[in-house]
Amino acid sequence: MEGKLTTIRSEIEKNLSRSGHNLASFSKICGLNRGSLSAILHGNPPKPMSLGQIDAIIKAFGFPDGWLYPLYVDECFNEEKVSRRRVEPFLIRCAELGKQQCIDETLNRLLEYPKSLDIVYSVADKLFNKGKVNESIFFYKVVAENESDSYSERLAISHFRIFRSMQSIVDTDEKLRAVITFGPFRGRLPEDMQLDGLLMLSQLCYGLRRWVDMENFADELRTLANAVYRDQLRKSEGRRVEDLRTERPLIVYYGHGYLLKATALTKQGKYEAAKKYTAGYADLSWFEMMNEEGREAVEHFRLFATANSFTLEMLEGNVSVLPEYTAFLADHPGEILVGLITIMDAANRHGFSADSVLSRFSREMLRFEEFQEPNNVDRVYRLNYQVAMYLITRKKYSTGVDYIIQCLELAIKQNNGKDFINCVTLFETNRDYATTDQQNRYRNLIREVRQHEKITIDDGKCVSIV
């Protein structure tokens, strides 16, 4: 004989019978009105249950949270209709409890109905606003994959939230995919989100070393921050100024528009143009409507401008500033890593000795190996690569090859094909100077890459992301 279909009500009735309770006694335990409980179990048709009611019943039976959720899915759909007031809190609660199977089953049915993405987007936003960012991303991805209107604001916001969640990624290919996927949607966001989006795009392009794209995003950021600032000033005159819902004060976006532009120009060797934009963020004390965080940002930008002015002088070959620059780095430890990259790059370009600098900061350089944050890992790679070339040029081959191997390890860690090729080329050029131990370490790294296919090599094709 075929078994009877298990429903949420049959399961409740079965456990009621096992517990020895009747409706009257159970209603007191679960806190539900006896009449409501009767209508839920015995009504014709049965009264649909709210999520709060089913949670109260689960708790009264002493079962774990979400115990009856797989059977609750049917409660969200009634006679070809979707009950938004049941399905929305249900999906939110399933996300909080990690009930992915329930979410999948509910969405499979929900997406067959018109306007279902309104509900999915609302669920994502409510989770995000509750601080459940990781849980929200799944629903934003559903919106991004199913939205038919490519110009809708909710599609742009969904892509922004997904992009925002990927900021900690290390893999270079994943970073590039994130920029390419989100980039086209940046202009369709509300202005406050645009500011955050453009700042993150610029910074990610820095890590990818896509200087032209970084420069273009910085231009957009500077233009938008200027426009928003003027609008805020105009509103303040009428005392109607509204707080921006940005992650940081407006001055941070304004200053970074100049800082990132100057950085991108510097990386392209356009030093005189970079000086102009460096001056643009050197003194932002004139900026109005600043809180304490904004005033701190003014000082940070002042510091960055000083450091980057030294950078430009060094890269132009003005070695006379080296003692002053070294003293500046000693007084500002947070600038040492970036500063050393600049000094070693300049030493390799212009042929001056940087031995005293390497000796002065040797202890700090040992600590760089502990860095885990992706941008700093990339900076450590670039410093080691410059040091390797510097040492080899000065015939300090053994130490230089050690730095090449360290670079190779970092390139593999970041899955950066271009850096990997550069390291292999540099090692092979100097293989004759490598010790047996160094050659074995190199061979093991190459073998590991081949076995696990850890590196994706760019085929050289240009991908436009702006």
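## Arg 382 in helix H21

Arg 382 has its place in helix H21, and in this predicted model the residue counts as buried, because its relative accessibility is 13%. Leaving aside residues up to four places away in sequence, Arg 382 touches Tyr 206, Arg 209, Lys 267 and Ile 341.

Helix H21 spans 374–393, and the loop between this helix and helix H22 (397–413) is where Lys 395 is found. Lys 395 has a phi near 65°, which is a positive value in a residue other than glycine. With a relative accessible area of 61%, Lys 395 is exposed, whereas Arg 382 is buried at 13%.

## Helices H14 and H15

Helix H14 covers residues 250–267 and helix H15 covers residues 271–282, and the two pack at an angle of about 165° with their axes 8 Å apart. Because angles over 145 degrees count as roughly antiparallel, H14 and H15 are described as roughly antiparallel to each other. Their crossing is left-handed. On the side of H14 the contact is made by Gly 255, Tyr 258, Leu 259, Lys 261, Ala 262, Leu 265 and Thr 266, and on the side of H15 by Tyr 271, Ala 273, Ala 274, Tyr 277, Thr 278, Gly 280 and Tyr 281. By character, the residues of this contact divide into nine nonpolar, four polar and one charged.

One residue of the contact, Thr 278 of H15, can be followed further. Thr 278 counts as buried, with a relative accessibility of 4%, and, not counting residues up to four places away in sequence, Thr 278 touches Ala 262, Ala 305, Ser 309 and Leu 312. Ala 262 is itself among the residues that H14 brings to the contact with H15, while helix H16, which lies after the loop that follows H15, runs over 292–315.

## Helices H10 and H11

Another helix pair is formed by H10 (residues 153–165) and H11 (residues 172–182), which pack at an angle of about 165° with their axes 10 Å apart. H10 and H11 are therefore roughly antiparallel to each other, and the crossing of the two is left-handed. In this contact Ala 156, His 159, Phe 160 and Phe 163 of H10 meet Ala 178, Val 179, Thr 181 and Phe 182 of H11. The residues that take part divide into six nonpolar, two polar and no charged, whereas the contact of H14 with H15 includes one charged residue.

## Aromatic pairs

The structure holds 28 aromatic pairs. A pair of aromatic rings is described by the distance of the centres and the angle of the planes. Tyr 69 and Phe 90 form an edge-to-face pair, with 5.3 Å from centre to centre and 65° between the planes. Tyr 69 lies in helix H5 (residues 69–72) and Phe 90 in helix H6 (residues 84–97), so this pair ties together parts that are 21 residues apart in sequence. Tyr 69 is buried, with a relative accessible area of 0%, and Phe 90 likewise counts as buried at 0% relative accessibility.

The rings of Tyr 121 and Tyr 140 have their centres 6.2 Å apart and their planes at 70°, so this pair is also edge-to-face. Since Tyr 121 belongs to helix H8 (residues 116–129) and Tyr 140 to helix H9 (residues 133–146), the pair ties together parts that are 19 residues apart in sequence. Tyr 121 counts as buried at 14% relative accessibility, and Tyr 140 counts as buried at 0%. Elsewhere, ring pairs link Tyr 229, Tyr 254, Tyr 258, Tyr 277, Trp 286 and Phe 287 into a cluster; of these, Tyr 258 and Tyr 277 are also among the residues through which H14 and H15 make their contact.

## Backbone features in loops

Most residues other than glycine have a negative phi, and most peptide bonds are trans. Against that background, the peptide bond from Asn 44 to Pro 45 is cis, with omega near 5°. Pro 45 lies in the loop between helix H3 (34–42) and helix H4 (51–61).

Met 289 has a phi near 60°, a positive value in a residue other than glycine, and is found in the loop between H15 and helix H16 (292–315). With a relative accessible area of 41%, Met 289 is partly exposed.

Terms used:
Residues are numbered from 1 along each chain as its sequence is written. This is a predicted model: local features need pLDDT of at least 70, side-chain atom pairs count only at pLDDT 80 or more; totals for chains, interfaces and linings use all residues. Side-chain values use heavy atoms; hydrogens and water are left out. Axes are lines fitted to C-alpha atoms, for helices over the stretch in contact, and angles run from 0 to 180 degrees between N-to-C directions. Helices (H or I, at least four residues) and strands (E, at least two) are DSSP runs, numbered from the N terminus. Angles under 35 degrees count as roughly parallel, over 145 as roughly antiparallel, 65 to 115 as roughly perpendicular and the rest as oblique. A crossing is left-handed if the near helix is turned anticlockwise from the far one by less than a right angle, and right-handed if clockwise. Contact means heavy atoms within 4.5 Å. Ala, Val, Leu, Ile, Met, Phe, Trp, Tyr, Cys and Pro count as nonpolar, Asp, Glu, Lys and Arg as charged, and the others, Gly among them, as polar. Rings of Phe, Tyr and Trp (its six-membered ring) pair if their centres lie within 6.5 Å; planes under 30 degrees apart count as stacked, over 60 as edge-to-face and the rest as tilted. Buried means under 20% relative accessible area, exposed over 50%, partly exposed in between (1.4 Å probe, protein chains only).
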